[in-house]
Amino acid sequence: MSGISMPKPDAATLARRAEIVADMRIIVPGEGVVDAVNEMRAFESDGLTAYRQLPLVVVLPETVAQVSRLLKYCNDRNIRVVPRGSGTSLSGGALPLEDAVLVVMSRFNRIIEIDYPNRTVTAQPGVTNLGITHAVEQDGFYYAPDPSSQIACSIGGNVAENSGGVHCLKYGLTANNVLGIEMVLMNGEVVRLGGKHLDAEGYDLLGAMTGSEGLLGVVTEVTVRILKKPETARALLIGFPTSEQGGQCVADIIGAGIIPGGMEMMDRPAIHAAEDFVHAGYPLECEALLIVELDGPAVEVDHLIGLVEAIANRNGATTCRTSQSEQERLTFWAGRKAAFPAVGRISPDYYCMDGTIPRKELPRVLAGMRELSEQYGLGVANVFHAGDGNLHPLILYDANKPGELEKAEAFGADILRLCVKVGGVLTGEHGVGVEKRDLMPEMFNEIDLDQQMRVKCAFDPNHLLNPGKVFPQLRRCAELGRMHVHRGQMAFPDIPRF
C-alpha cells in the first residue's frame with residue numbers, strides 16, 4: 001500500500017487463524033464465513049482502490065445475535081474487527097487489516113417498517129440508500145440524502161460516514177435525517193439510540209455515532225425520516241466563462257436567501273467527460289456549469305427561477321436553460337451523478353478528494369487548485385456540491401507510471417491543506433478513514449485529538465474496532481491519562497494526586 005502505514009499485525013492472532021475461522025463458522029453457520037484467499041479478494045479494498053489488503057477472515061452475519069456473539073468473541077480474545085457495508089467508501093474506511101475479522105453487513109438487507117403517520121422508515125443497515133426511496137416512492141415519499149453512489153451504498157455506511165449528496169444543501173446530511181439506530185458495542189452489548197420521536201433525552205450519542213466511521217460500534221438497524229415529494233421541481237443549467245464567476249454566482253444565490261433543493265458545479269474537464277458519457281445536453285463551450293434545482297409549490301418555483309436567472313446574468317452567465325419536463329430535469333442530474341465514472345474514461349486512474357470550504361472562498365480555492373495542478377503536472381476535474389462548499393476534485397494520474405500515485409496523493413493533501421487554510425475542513429461526506437488520517441493535525445492539535453480519542457475509549461477501550469483509521473497514531477486509552485510535566489512543573493500542582 002502506497003503512502004500509508006497501518007497497525008502492525010498481531011502475531012498471536014495470525015498464528016490462531018485456523019482456530020478463529022473455525023469459531024467464526026460456529027457463530028455464523030452456513031455460507032457466512034469466507035476464508036479462501038481468492039474469495040476474500042472481493043473484499044480487499046473499498047472505493048479507495050489504491051489501497052488493498054486481505055483480511056484475516058470475512059464474516060457475513062445475518063442476525064443481531066450473531067453480531068453480538070462475534071464482537072464479544074473478538075473482544076474477549078483481543079482480535080481486531082473492521083466493519084464494512086457495501087464497500088463504496090472513498091476514504092479507505094472499510095480497508096481490511098491483515099489480523100482483523102472483516103464484518104460485512106450486506107445480509108442485513110430488509111426494510112423492517114414503513115410508518116407513514118410518523119414519516120419514518122426503519123431498515124437494516126445493508127439496505128441501499130436508493131432502496132429506501134424505492135420502498136416509499138409509490139406513495140409520494142422519498143429519502144432526501146442522495147450520494148452519487150446511492151444505487152449501491154448502504155444506509156448503515158451512510159450513518160458511518162454521515163453521507164450527503166446533491167440535495168443535502170436544503171434537506172441535510174444523514175445526521176439531519178436519522179432518528180434512531182440499534183447498535184452492537186465491541187463487548188457484545190446491544191443498545192438503542194434515539195427512535196421515532198423528535199429528540200432524545202441525555203447526551204446526543206446518536207450524533208456521536210453518525211459519522212463515527214466504524215470506530216464506536218456496529219449499526220444493526222436504522223430509523224430515518226422520509227419526506228413528501230415536492231409539488232414541483234425544476235432545474236437550471238447555467239454556463240459561465242470562468243469557474244470564479246460560477247463560484248460567485250453560488251455565493252450570491254445563497255446570499256439572496258434562496259436555498260435550492262440542490263446546487264452543483266462542474267468545471268470544463270468534468271463537463272466534457274459527463275456529456276460524452278450521458279449526452280445530457282450540457283453546453284460544452286463554458287468553463288463552469290452550475291446546476292440549480294428549485295422545488296416547492298409551482299408558483300414559488302417559477303418566482304425563484306426568475307431570481308436565479310437574474311443573479312446568473314449579473315455574474316456573466318453565457319447560457320441559462322430551465323428544464324421543461326420531469327424527464328429533462330432528471331437528464332440534467334444524470335450527467336452530474338455519472339461524473340465520477342465519466343471521468344474514468346478520460347484518465348487511466350483518478351484520485352477523488354473531499355474537502356469543504358466556506359462558499360465565499362470558492363473562487364480563491366479554485367484558483368489555488370489550478371496553480372497546484374501546474375505545480376504537480378497532473379490534471380484535475382472539479383465536481384462539487386457548490387451550495388454547501390463541499391469540493392470533489394478528481395486528480396487525474398496513471399498508476400502505471402512510477403511515482404504518479406504518490407504525486408497524486410501529495411497534490412490531494414495540498415488541496416486539503418488549502419481547504420483548512422481558508423477556514424474549511426478536511427472532509428464533507430467521504431470521511432477521514434486512512435486517506436486523510438495523517439492530515440488530522442493540520443486541523444486539530446494534540447489536545448483536540450486526545451479529547452476525540454476519549455470518546456473512542458469510552459466505547460472501545462481496547463481499540464479493537466477499525467484501528468488505524470481517523471486518528472493519526474494509535475494511542476492506548478491508558479496513555480491519555482498520563483501526567484504531563486512541562487519544564488519541571490506539573491499543571492495545577494496544588495491538586496492532591498493519589
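## A buried ring and its partner

Phe411 is buried, at a relative accessible area of 0%. This is a predicted model, by the way, so keep that in mind for what follows.

The structure holds 3 aromatic pairs. One of them joins Tyr376 and Phe411, and it is stacked: the ring centres sit 5.4 Å apart, with 10 degrees between the planes. The two rings come from distant parts of the chain, 35 residues apart, with Tyr376 in helix α14 (residues 362-376) and Phe411 in helix α15 (residues 404-421). Tyr376 is buried too, because its relative accessible area of 15% falls under the 20% cut-off.

## Overall build

Zooming out, the protein has 17 helices and 21 strands. Its radius of gyration is 24 Å, close to the 23 Å that the globule rule gives for 498 residues, so the protein is as compact as a globular protein of that length. If you're setting up a box, the C-alpha atoms fill one of roughly 65 × 60 × 55 Å along the principal axes.

Burial goes well beyond that one ring pair: 56% of the 498 residues count as buried. As for contacts with a separation of 6 or more, 72% come from residues 24 or more positions apart.

## Surface and charge

The accessible surface comes to about 21000 Å², and carbon and sulfur atoms hold 52% of that.

On the charge side, there are 46 positive and 62 negative charges. The mean positions of these two sets are 4 Å apart.

How values were computed:
Residues are numbered from 1 along each chain as its sequence is written. This is a predicted model: local features need pLDDT of at least 70, side-chain atom pairs count only at pLDDT 80 or more; totals for chains, interfaces and linings use all residues. Side-chain values use heavy atoms; hydrogens and water are left out. Rings of Phe, Tyr and Trp (its six-membered ring) pair if their centres lie within 6.5 Å; planes under 30 degrees apart count as stacked, over 60 as edge-to-face and the rest as tilted. Helices (H or I, at least four residues) and strands (E, at least two) are DSSP runs, numbered from the N terminus. Buried means under 20% relative accessible area, exposed over 50%, partly exposed in between (1.4 Å probe, protein chains only). The radius of gyration is taken over C-alpha atoms; the globule rule is 2.2 Å times the number of residues to the power 0.38. Contact means heavy atoms within 4.5 Å. Accessible areas come from the Shrake-Rupley method with a 1.4 Å probe; for residues, only the protein chains shown count as cover. Lys and Arg count as positive and Asp and Glu as negative; His and the chain ends are not counted. The place of a charge is taken as NZ of Lys, CZ of Arg, CG of Asp or CD of Glu.
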